[in-house]
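Let's walk through this structure together, starting from a single residue and working outwards. Have the 3D view open as you read.

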Amino acid sequence: MSTFESRKKQRELNEKLIKSALILAAVISILTTFGILFSILFEAIEFFKLRSFWYFLTGTQWTPGTAGSQFGALPIFAGTFVITAIALLVAIPIGLGSAIYMSEYASSTFRDYLKPILEVLAGIPTVVYGFFAAITVAPIIVEIAGYFGIDAAFNSALASGVVMGIMIIPLVSSLSDDVIRAVPDSQRKAAFALGMTQSETIKNIVIPSAMPGIISASLLALSRALGETMIVVMAAGLRPNLSWNPLEDMTTVTVTIVNSLVGDFEFNSPETLSAFALGLMLFIVTLILNIISLSLIRKFKEKYKVNTL
């Protein structure tokens, strides 16, 4: 056997090993996802054998551990939606705006200083954000609301949502900056050659082509907000409250899951098993959001391809 043939066989063997390792990594990821799903699903089924599934989705009273305990999760879902919506309303405009500025307007020197400073926000522990929300932001909101004659609780969804939005700004900003900078400069130069201004180029060329990545960044920020616990505990409270008023206290699914699992109840009790039912609902919501985001990304890609033909 010649040296050339032996090297060829060695390269083919290396290719097979690399391919097998990648397949193994993909299979492990898929099996892990199904393992998480089934571990939650089986316990959630046990809970629904003890309590009504319909009342769990539509009930307005969540009173575990009391006489005649009720497990209506609608107040918890409402609190999760309100706080997450506030966080996204803060994070997406500021994060996307800063990404556009850093990628399109800022000089390279200034961007090299600005981006690391902005990303420092991602490394601050959530408990510090919780202190900031409870000690600084919440009193400011109460004072502003009082100035207009509006009652506001010190534990409010608004304080929690605002600080949570500040926390996830780096996710939106950093990822959006990367995808905007990945848009080929040839597209910008072509737009300038047609007489477009810089703002028109950003609006009509850069943002549409980067929209799939921006949607992915926003989805990642949404998932981060849905899973946050410490800020909600310290700034929004623990009370399930069916209200759309962001100035009232309320709680989220993740906080309720923690409360259900750290209690002094037996593992097979409805109080403990309710955590798995909430986890299953959170898993389903996240799955639906992923499906919607993939559909939106596909539509934007198809539209962009049509417009560039």
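In which helix is Leu96 found? Leu96 is found in helix α3, where helices are DSSP runs of H or I of at least four residues, strands are E runs of at least two, and both are numbered from the N terminus. Before going further, a word on the ground rules: this is a predicted model, in which local features need pLDDT of at least 70 and side-chain atom pairs count only at pLDDT 80 or more, while totals for chains, interfaces and linings use all residues. Residues are numbered from 1 along each chain as its sequence is written, and side-chain values use heavy atoms, with hydrogens and water left out.

Back to Leu96, which touches Ala91, Val172, Ser176, Ile180 and Ile214, not counting residues up to four places away in sequence; contact here means heavy atoms within 4.5 Å. Ile18 is another matter: Leu96 and Ile18 are 78 residues apart in sequence, and their C-alpha atoms are 38 Å apart in space.

Now step back to the overall architecture. The protein has 11 helices and 0 strands, so the order of elements from the N terminus reads α-α-α-α-α-α-α-α-α-α-α. The radius of gyration, taken over C-alpha atoms, is 24 Å, well over the 19 Å that the globule rule gives for 309 residues, so the protein is more spread out than a compact globule. That rule is 2.2 Å times the number of residues to the power 0.38. Along its principal axes, the C-alpha trace spans about 80 × 65 × 35 Å. Of the 309 residues, 38% are buried, meaning under 20% relative accessible area, with exposed being over 50% and partly exposed in between (1.4 Å probe, protein chains only). Among contacts between residues at least 6 apart in sequence, 71% join residues at least 24 apart.

What holds the interior together in terms of nonpolar side chains? A nonpolar core is a set of buried Ala, Val, Leu, Ile, Met, Phe, Trp, Tyr and Cys residues joined through side-chain atoms within 4.5 Å. The largest such core has 55 residues, of which Phe47, Phe56, Trp62, Ile83, Met164, Ile168 and Leu278 touch the most other members. Two or more residues of this core come from each of α1 (3-50), α3 (74-105), α5 (126-147), α6 (157-181), α8, α9 (230-235), α10 (253-261) and α11 (270-308). A second, separate core has 12 residues, including Ala99, Ile180, Ala210 and Ile214. For a look inside the largest core, pick Phe56: leaving out residues up to four places away in sequence, Phe56 touches Phe47, Phe48, Trp62, Phe71, Gly72, Ala73, Leu74, Phe77, Ala277, Leu278 and Met281.

Helix α6 is a good place to compare surroundings. Ser173 is found in this helix and counts as buried, at 1% relative accessibility. Beyond its neighbours within four places in sequence, Ser173 is in contact with Gly95, Ser98, Ala99, Met102 and Leu118. Leu175, also in α6, is partly exposed, with a relative accessible area of 32%. Outside the residues up to four places away, Leu175 touches Pro170, Ala217 and Leu220. The C-alpha atoms of Leu175 and Gly95 are separated by 9.4 Å, with their positions 80 residues apart along the chain.

Ala157 lies in α6 too, and is buried, with a relative accessible area of 0%. Setting aside neighbours within four places in sequence, its contacts are Val82, Ile83, Ile86, Ala236, Pro246, Glu248 and Met250. Ala157 and Asp249 are 92 residues apart in sequence, yet 5.8 Å apart in space, C-alpha to C-alpha.

From Ala157 you can also find Trp244, 87 residues apart in sequence and 9.5 Å apart in space, C-alpha to C-alpha. Is Trp244 buried or exposed? Trp244 is exposed, with a relative accessible area of 59%, and lies in the loop between α9 and α10. Apart from neighbours within four places in sequence, Trp244 is in contact with Ala78, Phe81 and Val82.

Finally, turn to a helix pair. The axes of α7 (residues 185-193) and α8 (residues 198-226) come within 10 Å and cross at roughly 140°; axes are lines fitted to C-alpha atoms, for helices over the stretch in contact, and angles run from 0 to 180 degrees between N-to-C directions. The crossing is right-handed, a label given when the near helix is turned clockwise from the far one by less than a right angle, anticlockwise being left-handed. Gln187, Arg188, Ala191 and Phe192 in α7 meet Gln198, Thr201, Ile205, Val206 and Ser209 in α8. These contact residues divide into 4 nonpolar, 4 polar and 1 charged, where Ala, Val, Leu, Ile, Met, Phe, Trp, Tyr, Cys and Pro count as nonpolar, Asp, Glu, Lys and Arg as charged, and the others, Gly among them, as polar.
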